[in-house]
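The following exercises concern the reading of a protein structure. Each consists of a task and a solution in steps.

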Amino acid sequence: MTISFYSFRTIQTMRIININALTMGTTGLCETFIPNSVYTQCIRWKRKPIWLPTAKSKVFRVPKKPVIPMEDYVELKRLYNNYRTYMTSFNAYIRQIAKENKTQVNETVVNELTEEDFKACNAINDEWNAKIAKIREIRLAEMREKRKNIILQSILKQEQKQEKRKIRINELVKKVKEESITFITAENVDAAIEECLTNIVNHNRALDVEGNWHEGKYPPIPLVEETQEPAAIEQQN
Amino acid sequence: MPRLPLHCSSGTGVISPFSKAIRLARYGCTNRPFYHIVVIDVKKGERKPPIEQVGVYDPIPNMHNEKLVSFNFERIQHWIAKGAQVSTPVADLLGLAGFLPVHPRTYMRAWRNRRTVEKCS
């Protein structure tokens, strides 16, 4: 028995499972079965391979020949003769029909027909085109109007925005102009310095919870107590 | 692996210069026969790609006790005119359908059935 038909891996698995080519069909394996493969699909299909000999149980089997009675034989012969005759004439008839159909194809006639067909189709096409052109004109006009409206609205919005912006800027400018009286310029810088020197404002004050003001002194008095020194050092660090 | 057909069951449309046959191609599964009536090269196998499918035959009676069969008579006529052979089962079916003369096998089957009925009764 040649087993070169199977791949090496299949033979290996066949040996492992202890099966042969005949019983392989019932195990769900096949020629292309590969163990550990990621995707295998087993469908019952296998029949007895052609190179296997006749089965032992069938070696001495003699098939029975059918016995046809004489009446039936004669009848069948008659029927078959009739049938064959009928079929020959039928085939001839069908071939004749085919031939007639074939000869009917005339180039000029076909061309004329195609031209006529084309004309008819063209007329229908033109009609449809005209119909659609009307619809398209209406649609395009509508679209144009819409677009115009949208653009006008956008222009209006832009103008309004610009106006608002102008008003806001004007207000800002006014405010700055009003404030500009108190600005220190090169002209009144001496007067401002003098005023500052005369009116010294001390911000070094603190308010406690009870509403008492504590005046600060500069430079601040360093703390003398020893207990608080390390804390101060630590804070510095 | 099963040799699954990868061709179009309705026919590839590839016509070879060899003689054709109109015959059955089994498309069922185990214990459930179902046939396509196909035009194919005479010497090609059952599961080879057919040139054209011209019908369908379901040999198992359905719930209404009917065996359904369908033919594309125009194409069958075309192929017969081209000289395609018709296999016996298909000729039998076509005879029953009234396209061809009734096949002798039909008569034979009929009288055999009649005889078995007489024997049983």
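Two residues are in contact when heavy atoms of theirs lie within 4.5 Å. The model examined here is predicted.

**Exercise 1. Surroundings of an alanine**

Determine where A:Ala206 is placed, how accessible A:Ala206 is, and which residues A:Ala206 contacts beyond its neighbours within four places in sequence.

Solution.
- Step 1. A:Ala206 belongs to strand β1 of chain A, which covers residues 205–207.
- Step 2. The relative accessibility of A:Ala206 is 38%. Buried requires under 20% and exposed over 50%, so A:Ala206 is classed as partly exposed.
- Step 3. With the neighbours within four places in sequence set aside, the contacts of A:Ala206 are A:Asn212, A:Trp213 and A:His214.
- Step 4. A further residue to consider is A:Gly216, 10 residues from A:Ala206 along the chain; the C-alpha atoms of the two are 7.6 Å apart.

**Exercise 2. The make-up of chain B**

State how many helices and strands chain B has, in what pattern they follow along the sequence, and what share of the residues is buried.

Solution.
- Step 1. Chain B contains three helices and five strands.
- Step 2. Along the sequence, their pattern is β-β-β-β-α-β-α-α.
- Step 3. Chain B has 121 residues, and 37% of them count as buried.
- Step 4. The accessible surface of chain B is about 7,300 Å², and carbon and sulfur atoms hold 56% of that area.
- Step 5. Among contacts in chain B with a separation of 6 or more, 38% join residues 24 or more positions apart.

**Exercise 3. Two packed helices**

Are α2(B) and α3(B) roughly parallel or roughly perpendicular? Name the residues through which they meet.

Solution.
- Step 1. Two packed helices are described by the angle and the distance between their axes.
- Step 2. Helix α2 of chain B (residues 88–97) and helix α3 of chain B (residues 104–120) pack at about 80 degrees, and their axes are 8 Å apart.
- Step 3. Angles of 65 to 115 degrees count as roughly perpendicular; therefore α2(B) is roughly perpendicular to α3(B).
- Step 4. From α2(B), B:Thr88, B:Pro89, B:Asp92 and B:Leu96 meet B:Arg105, B:Thr106 and B:Arg109 of α3(B).
- Step 5. Sorted by class, this contact of α2(B) with α3(B) comprises two nonpolar, two polar and three charged residues.

**Exercise 4. Cysteines**

State how many disulfides the structure holds, and classify A:Cys121 and B:Cys8 by accessibility.

Solution.
- Step 1. A disulfide is a covalent bond between the sulfur atoms of two cysteines.
- Step 2. Over all chains, the structure has zero disulfides.
- Step 3. A:Cys121 has a relative accessible area of 42% and is therefore partly exposed.
- Step 4. B:Cys8 is partly exposed, at 43% relative accessibility.

Terms used:
Residues numbered from 1 in each chain as written. Chains lettered and ligands numbered in written order. Predicted model: local features only at pLDDT ≥ 70, side-chain atom pairs only at ≥ 80, totals over all residues. Heavy atoms only, no water. Disulfide = S-S within 2.5 Å. Buried < 20%, exposed > 50% of the residue type's maximum accessible area, 1.4 Å probe, protein only. Helix = DSSP H or I, 4+ residues; strand = E, 2+ residues; numbered from the N terminus. Areas by Shrake-Rupley, 256 points an atom, 1.4 Å probe, with all protein chains shown as cover. Axes fitted to C-alpha atoms, helices over the stretch in contact; angles between N-to-C directions. Parallel < 35°, antiparallel > 145°, perpendicular 65-115°, else oblique. Nonpolar A, V, L, I, M, F, W, Y, C, P; charged D, E, K, R; others polar.
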